[in-house]
Amino acid sequence: MADLVVYSEIIRNLGLVIVAGFGLYLAWRRVTASTRQAGATLQQAELARRGHVAELFNRAVGQLTDVKLEVRLGAIYTLRQIASDFPDLAEPTFELLSTYLRESVGKYEGDEPPVDVREIMNTLRDYLVLK
């Protein structure tokens, strides 16, 4: 009789170990799936953010030639912020600003360049100093 109790406890403990191992396996699978889903969500959010930045970039490029000074300054500040937030876009952004600066040279009157041109020069200077 005592042997029967010992064997039943061994079988019970073995069953508990098997069930616990299966539970750990299921928990591991769930964590793995959640981790993959979180990674996919982050990637999707990053793609959406980059799409938004591309739209901002395109809009700012179009606004550089606007008649109103405020709109041009807003475009310059937007491009500066894009270059700051996305280092991989900094080079094309500053290339664009320097090209705009070269193309707009001589299109202003007087000794002092307009505010937007000065702001582009300041932005490019800050970029070259930090580089």
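## Glu119 and its partner

In this predicted model, Glu119 has a relative accessibility of 16% and therefore counts as buried, since the cut-off for that class is under 20%. Glu119 forms a salt bridge with Arg80, and the closest N and O atoms of the two are 2.4 Å apart. Arg80 belongs to helix H2 and Glu119 to helix H4, so the salt bridge ties together parts of the chain that are 39 residues apart in sequence. Arg80 has a relative accessible area of 29%, which means that this residue is partly exposed.

Side chains of opposite charge can pair when their charged atoms come close.

## Other salt bridges

The structure has six salt bridges by the rule used here. One of them joins Arg59 to Glu55, with 3.0 Å between the closest N and O atoms. Both residues are in helix H1, which covers residues 2-63, and they are four residues apart, so about one helical turn separates them. Arg59 is partly exposed at a relative accessible area of 44%, and Glu55 is partly exposed at 47%.

Another salt bridge is formed by Asp126 and Arg125, whose closest N and O atoms are 3.3 Å apart. Asp126 is partly exposed, with 36% relative accessibility. Arg125 is also partly exposed, at 46%.

## Helix H4

Helix H4 has 16 residues, and at 1.5 Å a residue these should span 22 Å. The C-alpha atoms at the two ends of H4 are 22 Å apart, which agrees with the expected span.

Which residues of H4 are buried? They are Asp116, Val117, Glu119, Ile120, Thr123, Leu124 and Tyr127. Viewed down the axis of H4, these buried residues fall within an arc of 160°, so they line one face of the helix. The buried residues of H4 pack against H2 and H3.

## Helix H2

Helix H2 contains 17 residues. From its first C-alpha to its last, H2 reaches 24 Å, close to the 24 Å expected at 1.5 Å a residue. Its buried residues are Arg72, Leu73, Ala75, Ile76, Leu79, Ile82 and Ala83. The cover over the buried residues of H2 includes H1, H3 and H4.

## The nonpolar core

In soluble globular proteins, nonpolar side chains tend to be buried together. Here, the largest nonpolar core has 15 residues. Those with the most contacts inside this core are Leu64, Phe94, Leu97, Ile120 and Leu124. Three elements each give two or more residues to the core: helix H2 (69-85), helix H3 (90-104) and helix H4 (115-130). The largest share, five residues, comes from H3.

What is Leu97 in contact with, leaving aside its neighbours within four places in sequence? The residues in contact with Leu97 are Leu64, Leu79, Ile120, Thr123 and Leu124. Of these, Leu79 is a buried residue of H2, while Ile120, Thr123 and Leu124 are buried residues of H4.

## Aromatic pairs

A pair of aromatic rings is described by the distance of the centres and the angle of the planes. The whole structure contains two aromatic pairs. In one, the rings of Tyr25 and Trp28 have their centres 6.2 Å apart and their planes at 35°, so this pair is tilted. Tyr25 and Trp28 are three residues apart in helix H1, which puts about one helical turn between them. Tyr25 is partly exposed, with a relative accessible area of 41%, whereas Trp28 is exposed, at 52%.

Phe94 and Tyr127 form an aromatic pair that is stacked, with 3.9 Å from centre to centre and 25° between the planes. This pair links distant parts of the chain, as Phe94 is in helix H3 and Tyr127 is in helix H4, 33 residues apart. Both Phe94 and Tyr127 are buried. Phe94 is also among the residues with the most contacts inside the largest nonpolar core.

## A position along H1

Gln43 is placed in helix H1. Is Gln43 buried or exposed? Gln43 is exposed, with a relative accessible area of 55%. Gln43 and Ala27 are 16 residues apart in sequence, and their C-alpha atoms are 24 Å apart in space.

Note on methods
Residues are numbered from 1 along each chain as its sequence is written. This is a predicted model: local features need pLDDT of at least 70, side-chain atom pairs count only at pLDDT 80 or more; totals for chains, interfaces and linings use all residues. Side-chain values use heavy atoms; hydrogens and water are left out. A nonpolar core is a set of buried Ala, Val, Leu, Ile, Met, Phe, Trp, Tyr and Cys residues joined through side-chain atoms within 4.5 Å. Buried means under 20% relative accessible area, exposed over 50%, partly exposed in between (1.4 Å probe, protein chains only). Contact means heavy atoms within 4.5 Å. The expected span of a helix is 1.5 Å times one less than its number of residues. The arc is that of the directions from the helix axis to the C-beta atoms. A salt bridge is a side-chain nitrogen of Lys or Arg within 4 Å of a carboxyl oxygen of Asp or Glu. Rings of Phe, Tyr and Trp (its six-membered ring) pair if their centres lie within 6.5 Å; planes under 30 degrees apart count as stacked, over 60 as edge-to-face and the rest as tilted.
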